[in-house]
Amino acid sequence: MSYARRVAYNTIVQIIGRVLTTVTSLTTVSILNATLKPAGWGAYVVTTTYLGFFAVVADMGLNLLYLREISRFPEKEQDITSRYLGFRLITAALVLLVFAPLIGAAVPVYRPFLVPIVLLGVGQFALTINQMCVTVVQARLLMDRAMISDLLGRIVILGGTAFALTRLPEANRLVGAVAIVVGGNLINLLVSYLFVRKFVRFRPRFVFSEWPAIFVQVLPLGAMAVLGMIHFKADSVLLTIYKSNVDVGIYGNAYKVLEILLTLPALFVGGLFPEMNQLIQKGHEGFRVLMQKAFDLIIFAVVPVVTGIVLIAPQLIAILTRSYITESARSLQILAFAMIPLFVGVLMSYSLLAAEKQKALGFLELFAAAVNISLNLYLIPRYSYYGAGTATVASELLTTAITIWMVARTIGFFPKLRTFAPTLVGAAIMFGLFRLVQHVAGSTWDGSYYDWSRPHQAALLLGVVIIGVLGYLIPFVLFRQFPPVLQERLSAKFKRSE
């Protein structure tokens, strides 16, 4: 299989996998909402957000460095893996299993959640080690293995949540929910290890004399990741401080949807990262061609996602929770507008990493975190979850604009909107079709829909989404103005059929 086909295959596999994992994740969120109640769900969001910070610190950007090293020196993969695994085991254990519980016990707002914090630390530790397994298959463009292990872990979490959580006393459900997540993460790690052991042996070497050098290498990436996490999670943390767990839960419903969807560009661009590394060393021209093709695909994909979420947010939130639908839906509609800069920002950030501009990217993340925190400090006390969503949109637009400027200045690439017209027309058609369905359905769409069972709601919503996506594709089909990389594939298939 050619490299281009392998990239295409991996992209398709990851999209399919993300659809499946999104369904399982959203179903799990829906059950958690119903089982934990608004305050309990808010406590769950507080716990996972807290551990999220430590998970980023534990990662320290090591996976990107590991991917870069085994891509550049495949003949040394076993040695690189052993040295990095030894470093990862000790540092991740210290951060997640020691520092996270100790700090949680010392901070009053997190002290009531100490038991779930300890448990979730074990789950995050498993995920952190699993990321090295994912990197091994990512370097070989075999992401179907990672998809299978991830999906199995999420199915375990969904099954445990559905069949075990409801049988626990209400007071123990938060701890039970976290324990189920830990079990799913351990299954994910086990299956991933079984997949990668034929490629590389995961036997750690603790070469302490090399650790200062590794730490110096990962420090810029780690600092950037931590700043990015602060930037990304400041709203949830400040909501925890200024508002009640109910407010945190309302915003958590919307933010969970955004978090799930944001894994798509990371998976797509992560699959391109080895090639980006190679092209940037050979010269900028091939790199710029690849970047433009990736940018075209991202815009092609993200516009209908944003359009759809804005239109069906109340119905989507209704599947997740039966309470505070209006508040969570409006928060999601606000957050949806952050998706375009976030999707594009992932591509631009990876390009700077490939060009080894970590320091510049670190300063950018510091600026973005400062802007985001400042906006949240002003808006959250006044507008709660709506203010948090608005701060996210404003800070992401500013940050991505600066990132594009940095890429243009350092690499010489500035993205062109080559499919702007069909994208705009397609979004308008999609919008019109949604409104038509809403008008035809009448009271069913805005009234009795909310009393239906979740499977019936999901079935109707899926049908509406399919109609909207087909409408979005109309101008691309009529004028044959798909993104160039898709156009090339379609033209090649058309010629073969002749």
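Ala-368 is found in helix H12, in a predicted model where local features need pLDDT of at least 70, side-chain atom pairs count only at pLDDT 80 or more, and totals for chains, interfaces and linings use all residues. Residues are numbered from 1 along each chain as its sequence is written, and side-chain values use heavy atoms, with hydrogens and water left out. Helices here are DSSP runs of H or I with at least four residues, strands are runs of E with at least two, and both are numbered from the N terminus.

Back to Ala-368. With a relative accessible area of 0%, Ala-368 is buried; that label means under 20% relative accessible area, while exposed means over 50% and partly exposed is in between, using a 1.4 Å probe and protein chains only. Leave out residues up to four places away in sequence, and Ala-368 touches His-231 and Thr-399. Contact, here and below, means heavy atoms within 4.5 Å. Ala-55 makes a handy reference point: it is 313 residues from Ala-368 in sequence, and the two C-alpha atoms are 20 Å apart in space.

Stay on H12 and look at Ser-395, since the helix covers residues 358–410. Ser-395 counts as buried, at 0% relative accessibility. Not counting residues up to four places away in sequence, Ser-395 touches His-231, Val-371, Asn-372 and Leu-375. You've met His-231 already, as a contact of Ala-368.

Leu-361 is also found in H12, and it is buried too, with a relative accessible area of 1%. Set aside its neighbours within four places in sequence, and Leu-361 is in contact with Met-224, Ser-349, Leu-352, Leu-353 and Met-406. Now find Thr-403: it sits 42 residues from Leu-361 along the chain, with 8.1 Å between their C-alpha atoms.

Next up is helix H11, residues 339–354. Its 16 residues reach 23 Å from first C-alpha to last, close to the 22 Å expected at 1.5 Å a residue (the expected span is 1.5 Å times one less than the number of residues). H11 is largely enclosed by the rest of the structure, because 15 of its 16 residues are buried. After H11 comes Glu-356, which has a positive phi, near 60°.

For another buried spot, go to Asn-188 in helix H6, residues 173–196. Asn-188 counts as buried at 5% relative accessibility. Beyond residues up to four places away in sequence, it touches Leu-127, Asn-130, Ser-149, Asp-150 and Gly-153.

Now for the empty space. On a 1 Å grid over the protein atoms alone, a cavity is a set of points where a 1.4 Å probe fits but cannot get out, a pocket is an open set with protein on both sides within 12 Å along at least five of seven lines, and lining residues have an atom within 4 Å of a point. Grid points are joined across faces, edges and corners, and a volume is the space filled by probe spheres set on the points.

The structure holds four cavities of 30 Å³ or more, and the second largest has a volume of about 50 Å³. Its lining includes Asn-33, Pro-38, Trp-41, Asn-253 and Tyr-324. Helix H1 (3–59) and helix H8 (245–282) each supply at least two lining residues, and H8 has the largest share, with four. By class, that lining has five nonpolar, five polar and no charged residues. Ala, Val, Leu, Ile, Met, Phe, Trp, Tyr, Cys and Pro count as nonpolar, Asp, Glu, Lys and Arg as charged, and the others, Gly among them, as polar.

The second largest pocket holds about 360 Å³ of space. Helix H9 (284–320) and helix H13 (420–441) are the elements that give two or more residues to its lining, with H9 giving the most, seven. The lining has 16 residues, and Val-303, Ile-340, Thr-423, Leu-424 and Ala-427 lie nearest the pocket's centre. In this lining, 14 residues are nonpolar, two are polar and none are charged.

Finally, zoom out. The chain has 16 helices and zero strands. Its radius of gyration is 22 Å, close to the 23 Å that the globule rule gives for 498 residues, so the chain is as compact as a globular protein of that length. That radius is taken over C-alpha atoms, and the rule is 2.2 Å times the number of residues to the power 0.38. Of the 498 residues, 52% count as buried. Among contacts between residues at least 6 apart in sequence, 84% join residues at least 24 apart.
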